[in-house]
Amino acid sequence: MMANGNISEFYADICAEQEIKINPHVLKVLKESKATDFTLKLPGNNRLRRVQRLDDRDALALSKCLRNNQSVTGLDVRYNNITGEGVRHLVDLLQQDSSALKSLNLMFNDIQTDGAEALAKSLQCNSTLLRLTLSGNKIQNRGAMHLASMLQLNCTLQELELAHCDLATQSVIAFAIVLKSNRTLLRVDLSRPLLFSYQEEWAVHVSEMLAVNSSLVELHLGTMGMSDGGMERLADGLQLNHSLRYLDLHGNRVTRDGVRHLAELLKKNPSLEVIDLSANRIEDEGAVYLSEAVSWPRCSLRELSVCRNNIRTEGLLSLAHAMTENTTLTHIYIWGNQLEEPVCQAFRDLMSSGRLPAEQTDVSAYEVDGHVFLAEVFHSLRRHYNKTNSSNTGTNQAASPESSFTPHSQLVALQAC
């Protein structure tokens with residue numbers, strides 16, 4: 001196990017050997033890193049100081065530097081300039097029997113289909129990596145299909161993020177098919193694919209998957225273009241699901257009719273604890289449906305976001321009233337709706353009474369000339385579900401890969417299409 005000075009010196013030696021120019025950002029982070037069991041954080045979007053972004057040659061140096069190193073358990077290289085060539089260097093690291101990497105964050109690099117294919121092949125037999133983040137890389141449909149195929153063989157990966165990766169209907173359906181049999185994956189993010197069909201075939205397959213999957217805890221389906229019909233299909237599948245805790249549906253086209261199906265589900269299925277409906281259009285009627293569900297004795301919903309849903313006084317007051325009847329709901333986010341004075345007074349009363357702690361909502365009350373208003377505060381729904389912290393405050397809590405979750409033929413035919 002290398003000391004901090006040794007690993008930084010080893011990095012410098014490798015750069016000299018491979019004729020790679022030393023990246024001062026990498027060298028500085030290696031010198032400052034902890035001695036054991038840490039994530040090497042090399043993001044290229046540091047807001048406090050200007051850093052030199054990593055490229056493929058830097059990825060080569062890192063892959064050689066971290067071989068036989070048991071102290072680095074995570075690698076965070078998001079917002080850099082790594083392409084498929086750099087991914088292949090990192091794949092060489094993952095394929096080492098001595099690899100200790102449990103998490104790999106490649107978010108918003110320049111990885112395309114070839115890079116996704118290389119990663120998928122290396123992970124088929126990998127037994128260490130628990131979390132892979134590829135969001136923001138344009139791996140497109142073919143790259144996603146390779147990753148879906150990988151999940152048929154991989155029995156270790158617990159978290160997979162593929163938001164903003166230009167997935168198509170075919171690959172979204174492929175993931176749904178694979179997740180019918182995969183019992184390892186706990187968290188999946190497929191948000192913002194490029195779907196051009198209004199028939200929402202993917203929703204049918206995701207619904208069928210949810211009806212039989214007993215391991216998935218967190219599902220992100222934001223900006224899918226989902227309508228009320230898609231919401232109805234998802235609710236049908238969730239009737240039989242008892243493992244999902246976090247459902248993210250932000251940025252879709254769900255209205256009051258779709259939320260009615262979700263509200264009926266919450267009355268019958270006590271599993272869901274966190275729901276993100278921000279940037280839909282549920283309006284007053286949808287908020288009333290949700291309020292009735294929250295007031296239901298069996299409802300176990302803890303956190304709810306309805307930001308930017310064109311909800312007016314009636315709907316927001318019904319949500320405030322529901323919180324006085326059921327103490328299970330502890331976090332609620334309402335900014336971006338029509339916050340008239342009766343609503344402002346109701347939420348001020350919730351906060352002043354202690355029923356709604358200030359850090360568990362995105363508004364703060366203030367008074368001017370005897371009138372009550374609400375201002376926005378920068379709290380939001382937590383991004384990840386962590387079972388041990390399910391009742392903690394709602395500022396973004398990222399679950400680590402080691403977080404305490406308790407944990408073919410159709411796909412081949414799809415790939416041939």
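Buried, for a residue, means under 20% relative accessible area, exposed means over 50%, and partly exposed is anything in between. I start there because Tyr-366, at 40% relative accessibility, counts as partly exposed by that rule. One caution before the rest: this is a predicted model.

Let me stay with Tyr-366. The residue sits in strand β12, which runs over residues 363-368. Together with Val-368 and Phe-373, Tyr-366 makes a nonpolar surface patch of about 260 Å². Phe-373 in that patch has a relative accessible area of 35%, so Phe-373 is also partly exposed.

Now the aromatic pairs. How many does a search of the whole structure find? The search gives two. In general, such a pair is described by the distance between the ring centres and the angle between the planes.

Take Tyr-79 and Phe-108. Their ring centres are 5.3 Å apart and their planes are at 5°, so this pair is stacked. Tyr-79 is in the loop between β2 (72-76) and α4 (84-94), and Phe-108 is in the loop between β3 (103-105) and α5 (113-123), so the pair ties together parts that lie 29 residues apart in sequence. Tyr-79 is partly exposed because its relative accessibility is 27%. Phe-108 is partly exposed because its value is 35%.

The other pair brings us back to the patch: Tyr-366 and Phe-373 are stacked as well, 5.6 Å centre to centre, with 25° between the planes.

A word on the backbone at Phe-108. Its phi is near 55°, a positive value in a residue other than glycine. Thr-223 also has a phi near 55°, again positive and again not a glycine. Thr-223 is placed in the loop between β7 (218-220) and α9. With a relative accessible area of 33%, Thr-223 is partly exposed.

The helix that follows the Phe-108 loop is α5. Is α5 mostly covered or mostly open? Mostly covered: eight of its eleven residues are buried. Those buried residues include Thr-113, Gly-115, Leu-119 and Leu-123. Among the elements covering them are α4, β3, β4 (131-133) and α6 (140-150).

Next, charges. Side chains of opposite charge can pair when their charged atoms come close. The count for this model comes to 19 salt bridges. I will go through three of them.

Which residue forms a salt bridge with Glu-161? That is Arg-187, and the closest N and O atoms are 2.6 Å apart. The pair links distant parts of the chain, with Glu-161 in strand β5 (residues 159-161) and Arg-187 in strand β6 (residues 187-189), 26 residues apart. Both Glu-161 and Arg-187 are buried. They also belong to a network of salt bridges that links Arg-131, Glu-159, Glu-161, Arg-187 and Glu-218.

Then Lys-267 and Glu-264, where the closest N and O atoms are 3.4 Å apart. Both lie in helix α10 (residues 256-268), three residues apart, which is about one turn of the helix. Lys-267 counts as buried because its relative accessibility is 13%, while Glu-264, at 33%, counts as partly exposed. Lys-267 also lies over the face of Trp-296, at 4.9 Å from the ring centre.

Finally for the charges, Glu-283 and Arg-281 meet in a salt bridge, at 3.8 Å from N to O. Glu-283 has a relative accessible area of 27%, so it is partly exposed. Arg-281, at 47%, is partly exposed too.

Two more residues, both in helices. Lys-64 is in helix α3 (residues 56-65). Its relative accessibility is 27%, so Lys-64 counts as partly exposed. Setting aside neighbours within four places in sequence, Lys-64 is in contact with Phe-10, Ile-14 and Gln-18. The C-alpha atoms of Lys-64 and Leu-90 are separated by 8.9 Å, with their positions 26 residues apart along the chain.

Asp-236 is in helix α9 (residues 228-238). At 46% relative accessibility, Asp-236 counts as partly exposed. The C-alpha atoms of Asp-236 and Leu-157 are separated by 27 Å, and these two residues are 79 residues apart along the chain.

Key: Residues numbered from 1 in each chain as written. Predicted model: local features only at pLDDT ≥ 70, side-chain atom pairs only at ≥ 80, totals over all residues. Heavy atoms only, no water. Patch = residues over 30% accessible without salt bridge, like charges linked within 9 Å, V, L, I, M, F, W, Y side chains within 5 Å. Areas by Shrake-Rupley, 256 points an atom, 1.4 Å probe, with all protein chains shown as cover. Salt bridge = Lys/Arg side-chain N within 4 Å of Asp/Glu carboxyl O. Helix = DSSP H or I, 4+ residues; strand = E, 2+ residues; numbered from the N terminus. Buried < 20%, exposed > 50% of the residue type's maximum accessible area, 1.4 Å probe, protein only. Phe/Tyr/Trp six-rings, centres within 6.5 Å; stacked < 30°, edge-to-face > 60°. Lys NZ or Arg CZ within 6 Å of the ring centre and 35° of its normal. Contact = heavy atoms within 4.5 Å.
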